[in-house]
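Here is a report on the structure shown below. It starts with single residues and then turns to the chains, the cores and the cavities.

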Amino acid sequence: MGKKKYRIFVLVLFCLLILFQAAGADYRKERKRLVEIHIIREGIEDPLVIESMLTVPREEFVPDSLKKKAYLNQALPVGYGQTISQPYIVALMTELLGVDGDDTVLEIGTGSGYQAAVLAQIVKEVYTIEIIKPLGIKAEKRLKRLGYSNISSKIGDGYFGWEAYAPFDAIIVTAAADHIPPPLIKQLKKGGKMCIPVGQPYFTQVLKLLEKDEQGKIRIYDIIPVIFVPFTRKIQ
Amino acid sequence: MYLTALFFTSSSLLALEISLMRVLRVEGFGNFTFSAIALALTGFGAGGTIVFLLKKYLSGREKTASLFSAVIFIFTLGLGYYISGRISFDPLRIIWDKNQLFRLLIRYFIYTVPFIAGSTFIVLAFSVEKPGKVYFYNLSGSGLGIFIILISLFLIPPNRIFIIPMSLSSVAVILLIIYLKPGGSRIITFTVIVFAGYILFSISDINIIPYKGLKLALNLPDAKIIERKLSPFGTLEVVKSSKIRSAAGLSLSFEDTLPGQHGLYLDGDSLSTIDRIKSRESLLYLRYQTQSAVYSLYTRPDVFIIGLGGGISAERALVNSAANITVTEENPHLPGLLKDTFKNHNNNFFNENNITIIRNNGRNYLNQTDYRWDIIEISETDSLVSSVGGIYSTDTDYTLTVEAFHTYLEHVRTDGAVSITVLLKYPPRNILKLINLAKHALEKKGIEPEACIAVIRSWSTGTVIIKKTPFTGEETAKIKSFCDRMFFDLVYYPGINPDEVNIYNVVKDELYYKSVSRILKNDTGFRKNYPFNLKYPTDDRPYFSYFFKIKKLPVLLKEMGHKWILAVEGGYVVLFSTFIITALFSFLLIVTPLFFSGKKIQGKKIQVLLYFGLLGISYMLIEIVLIKKVSKYLANPIYSSSAIISALLISSGIGSYFSDYFSTSRKKLVSYSIVFIAGYMLIILLAADRFFVSIESAPLLVKLAFSILIMIPLGAAMGIPFPSGVSVLKNRSDRSIPWAWSINGYFSVIASTGAVLIATNIGLTLTGIIAIGGYICALLVFPK
């Protein structure tokens, strides 16, 4: 009897494992499809970015109730009026920063942690700050669980950057702002880049790229308009 | 007693309409607020359709059915609001998420039911009492509803505002119970009222969408609301949080920190901030915004600012060494917030400096004075708010019209300047329209615009400086130097070199410089081919935020896709869709009775349709044109809407009441009234400006009284054609009276949307003339 029970237990475990595997394989398939259709075909060329987008499991960063929608090319709610960005925008912002394995990046607005994870696949170190405590705590746990050891996160006011680790090769701001915080400009290395969406919380915003040249002179470029897509569904 | 109950039901219907508008605005319904109201109002017509279809069953039971309708009205109002609070709707998500459309439809339905119930009572009354009397109680009750709700907006927060229509309709039900003595049903009715009242009182807060400014601010760790003020302008709320920081388009050369700020919100939307001022040094950041460019031209200037907001523009003027500052503000609570409530927060800044705050509309105030200033600034509160995409596209704005610019130019000294800043929209349109407006205003005054306009931009704001006299070389050098220091881009100044543009904030194809240059060089082809409407607004077409070009819709759809259209000019698209949907919906409900009744409608159906339809359209067009026109003098759409609607409805009620007592034939009476309407309306359209200008300096109450007095003769005449038509139908025992009511109701709703669409394109005067034409055509098809 004991042996039989044990066999049944192993069988069930095995079935579950297959199911999980199958689900994982499905997500991988969907991820690949998303990257091919919405990332590569839309003009993202940086192989590091493409590889990272193919690797990071977006389904781990969305609420359970929305996992099925994880590989649609759209923003999804993560609670507190915040969203996980559209995959294409994540890829574009990452590519715009022009970073590689030697760089350190500061992210303002951790949100779900997805953007930090995508960056962490590419750069040496990612520092990320979230102002909303419950979101920040959740993201930190998630990133630890997924094994991202090169991401340091903290709960705090991103407006002042992270002086202790400054200067940064690149800064990415994921929340729209009506001005660029002066401390962030100070913490950006000469030759560094900052990516930030600008506009009002309703309707169109423009993705801007700020470049600080070797002399410290700054230029800003309009990249593309983006639509802020808010979602109000309650997160389970 | 029965008619008094009708009076209170009518007043609660209008109070409900305004309450709904307030609640949806606070909730964040955005562009769909207008369509929700328009569709809800089709309920007015649907009441007629229902009575028509149930005529046989209701015959002889009209009074009991009235009580039933009144009870259903209260019940569905309370329950509907309770349910709708639990069906969240996200206006932007509708672009992607079909589920939102379903939620929207449910909400539309919920809002429509009480209107159906209320209007059913009114239609039933036509079978019980004389049409003139019914119309009198209906219209005067509606007028009272508007008046009561306006006062209530000062006292009751939006989440409790439904108590007003609820209370008014409860009075109606109680009166009907006393009158009809329905026995056992009294208890049921009482229970229903208590139940609905309970639901309303149990509502704690409006379910504001989570990405509205206020809601986002409240997500910040230490955020809390520390002040709340109510008025018909909306609910002002002040949020305290150490994490709030705002400085639109702040220069990248600013290296210091911003002062602490409280967030200021109007109906949940970000309005401005209130700076914590320790010393003037706290405000130095204000020198690093494009708005400060104009101050580089003057030493100790006299400054006039339109719009106080959180006081930012006044602070900027002072930190730029202004000698004297005069600020006008319409919201009754803002001056008190800055001078009293937050005087410790701002270190008594607004009491101890040379800042004079005047509670008035800026343009009206300027018309009353001969004083001249060095600088007139349209503050960011006024100009930046109107930059929000699409939402305000059909709102009238008399601050940004050719005539308004003339007033500004007349009130700056010979070498003075007018400065206006906008948040740059993408694709560019508001700044281009502003430049086109300035160009026309200058040309009309015989001034060469190319020599008198300068434009600069930051990464998110654009500032236009307009002078009466040409910019001197010294002045342009100062602007250039200012831009250099601040990393701002020059867009245009007289004699600009293409090498000087697009340096710090790089946009594709030097878009701003090229577009502005073409507008100033009078390149009509550019304006014509541009995908957005850049036509300069006038007092007759005061729609600065209206950018939509129907002809360019295919181009925009092709280039941007349907998602972008909604995001870019959603307001107009939704309005247009509303017009189509209400027209189709109304048509369906008008035709339905014909389909079900076969040949039962006696008389000439087309004649009934045309007569009551034309009356509905013309009445509504006149009402809307007058509201828009008078809002220029009362300086506030809320005051003008309340004054005009109340005056017209009550006086129409009086007109209809007496229409039953005239001994002349109905047709003659209608002829006289329509001739009077046409003549009187023409005079208002062509000469009202002169009357109103003469009393512009008078106190608001005097202006309100004057506006109401002017409307009374017109309203009285407008109250005659409808009951006269109904009388004719009644005299020949025509069963189509409820149908006539429906037609009138439906066409009024269609016209309320149509009027805005027409006026944005052809102006208010021509819209008014169309209304006159409508009345004359109605006369031609008067039922025999």
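Asn348(B) counts as partly exposed, at 23% relative accessibility; the cut-off for buried is under 20%. The model is a predicted one. Asn348(B) sits in the loop between helix 11 (334–341) and helix 12 (349–352) of chain B. Its phi is positive, about 60°, although Asn348(B) is not a glycine.

Asp267(B) also has a positive phi, of about 50°, and is not a glycine. The residue lies in the loop between strand 3 (261–266) and strand 4 (269–275) of chain B. Is Asp267(B) buried or exposed? Asp267(B) is buried, because its relative accessible area is 2% and buried means under 20%.

Chain A has a backbone feature of its own. Ala166(A) and Pro167(A) are joined by a cis peptide bond, with omega about 0°. Pro167(A) is in the loop between strand 5 (151–155) and strand 6 (168–173) of chain A.

**The two chains**

| Chain | Residues | Helices and strands | Buried residues | Contacts at least 6 apart that join residues at least 24 apart |
|---|---|---|---|---|
| Chain A | 236 residues | 6 helices, 9 strands | 52% | 52% |
| Chain B | 784 residues | 28 helices, 13 strands | 64% | 77% |

**Nonpolar cores**

The largest nonpolar core holds 194 residues. Met53(A), Phe126(B), Phe612(B), Ile622(B), Leu626(B) and Leu714(B) touch the most other members. Which helix gives the most to this core? Helix 22 of chain B (residues 605–634) does, with 16 residues. Domain 1 (1–208) and domain 3 (546–784) of chain B both contribute residues, so the core lies between them.

Ile622(B) shows the packing in detail. Leaving out residues up to four places away in sequence, Ile622(B) touches Ile677(B), Met681(B), Leu714(B), Met718(B), Ala771(B) and Tyr775(B). Another core, of 100 residues, lies apart from the largest one. Its members include Leu258(B), Tyr285(B), Tyr512(B) and Phe532(B).

**Two buried polar residues**

Thr9(B) belongs to helix 1 of chain B. Thr9(B) is buried, with a relative accessible area of 1%. Beyond residues up to four places away in sequence, Thr9(B) touches Gly118(B), Phe121(B) and Ala172(B).

Ser646(B) is part of helix 23 (residues 637–659) of chain B. Its relative accessible area is 10%, so Ser646(B) is buried. Ser646(B) touches Gly143(B), Ile146(B), Phe147(B) and Ser641(B), again without residues up to four places away in sequence.

**Cavities**

How many cavities of 30 Å³ or more does the structure hold? There are 8. The second largest cavity encloses about 80 Å³ of space. Helix 1 (2–27), helix 4 (62–84) and helix 5 (98–128) of chain B each supply at least two residues of its lining. That lining consists of Leu16(B), Leu20(B), Thr76(B), Leu77(B), Gly80(B), Tyr81(B), Ile110(B), Tyr111(B), Pro114(B), Phe115(B) and Phe162(B). By type, 9 of the lining residues are nonpolar, 2 are polar and none is charged.

Technical notes. Residues are numbered from 1 along each chain as its sequence is written. Chains are lettered from A and ligands numbered from 1 in the order in which they are written. This is a predicted model: local features need pLDDT of at least 70, side-chain atom pairs count only at pLDDT 80 or more; totals for chains, interfaces and linings use all residues. Side-chain values use heavy atoms; hydrogens and water are left out. On a 1 Å grid over the protein atoms alone, a cavity is a set of points where a 1.4 Å probe fits but cannot get out, and a pocket is an open set with protein on both sides within 12 Å along at least five of seven lines; lining residues have an atom within 4 Å of a point. Grid points are joined across faces, edges and corners, and a volume is the space filled by probe spheres set on the points. Helices (H or I, at least four residues) and strands (E, at least two) are DSSP runs, numbered from the N terminus. Ala, Val, Leu, Ile, Met, Phe, Trp, Tyr, Cys and Pro count as nonpolar, Asp, Glu, Lys and Arg as charged, and the others, Gly among them, as polar. A nonpolar core is a set of buried Ala, Val, Leu, Ile, Met, Phe, Trp, Tyr and Cys residues joined through side-chain atoms within 4.5 Å. Buried means under 20% relative accessible area, exposed over 50%, partly exposed in between (1.4 Å probe, protein chains only). Domain bounds come from an automatic or database domain assignment. Contact means heavy atoms within 4.5 Å.
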